[in-house]
Amino acid sequence: MAPSIHPLIDNGNQKGEPNFSGGTLHCHCPTNKVEVTLSSNVLHNHACGCSKCWKPSNALFSVVGVIPTDKLRVTANAHKLHIVDPSAAIQRNACKECGVHLFGRIEQDHAFKGLDFVHVELSDEKGWQEPQFAAFVSSIIEQGFEPSGIEGVREKFREAGLQTYDVLSPALMDVIATYTGKKNGKLSSKL
């Protein structure tokens, strides 16, 4: 049996709604759930194979999108949130009780500051942007995935219509390079 990439991808990558206006995310606690309200759709939704992102049980990848920080509000049980790793660039806020990551925020100077990282499968609403690509695919090997099976994983992504990368997509790598070029004075800050 093939490994689960992620439930949102395993059964066909369902297209989102272009005018979707947002919804709420909930942790997995049976009661007193942490609730996060997103007032827009996500951007750059993708499968991520890194070791830091929260993944559903038995999934090799997370699915994570970004949303402008001003479009995210914690609307219930904020007292249950804690930062998983205070030294990480992305401050991943997880429920202390069930462990689910509700959002990640970058507080330091970074190309993605102003964007929060979220997992739309934590929402009951349908219409979120579908995963657009797969990032950090080879990173699952570092986490114990058998190297001989990695081409099968890439094939599953291709069957779902997703390009695979061992970093981020070219568009997001361009954002990082532009940020770095401006920061080191090689590019005009007006770009």
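Helices (H or I, at least four residues) and strands (E, at least two) are DSSP runs, numbered from the N terminus. The structure is a predicted model, in which local features need pLDDT of at least 70 and side-chain atom pairs count only at pLDDT 80 or more, whereas totals for chains, interfaces and linings use all residues. Residues are numbered from 1 along each chain as its sequence is written, and side-chain values use heavy atoms, with hydrogens and water left out.

Residues 20–166 are 10% helix and 34% strand, and the end C-alpha atoms of this span lie 29 Å apart.

The largest nonpolar core (buried Ala, Val, Leu, Ile, Met, Phe, Trp, Tyr and Cys residues joined through side-chain atoms within 4.5 Å; buried means under 20% relative accessible area, exposed over 50%, partly exposed in between, with a 1.4 Å probe and protein chains only) has 20 residues, of which Val36, Leu38, Leu102 and Val118 touch the most other members. Strand 2 (35–38) and strand 8 (101–106) each supply at least two residues of this core. A second, separate core of 14 residues includes Ile5, Phe145, Val153 and Leu162.

Four aromatic pairs are present in the structure. The ring centres of Phe112 and Phe117 lie 6.4 Å apart with planes at 65°, so this pair is edge-to-face (rings of Phe, Tyr and Trp, the last by its six-membered ring, pair if their centres lie within 6.5 Å; planes under 30 degrees apart count as stacked, over 60 as edge-to-face and the rest as tilted). Phe112 is buried at a relative accessible area of 10%, and Phe117 is buried at 13%. The rings of Phe133 and Tyr165, with centres 6.0 Å apart and planes at 70°, are likewise edge-to-face.
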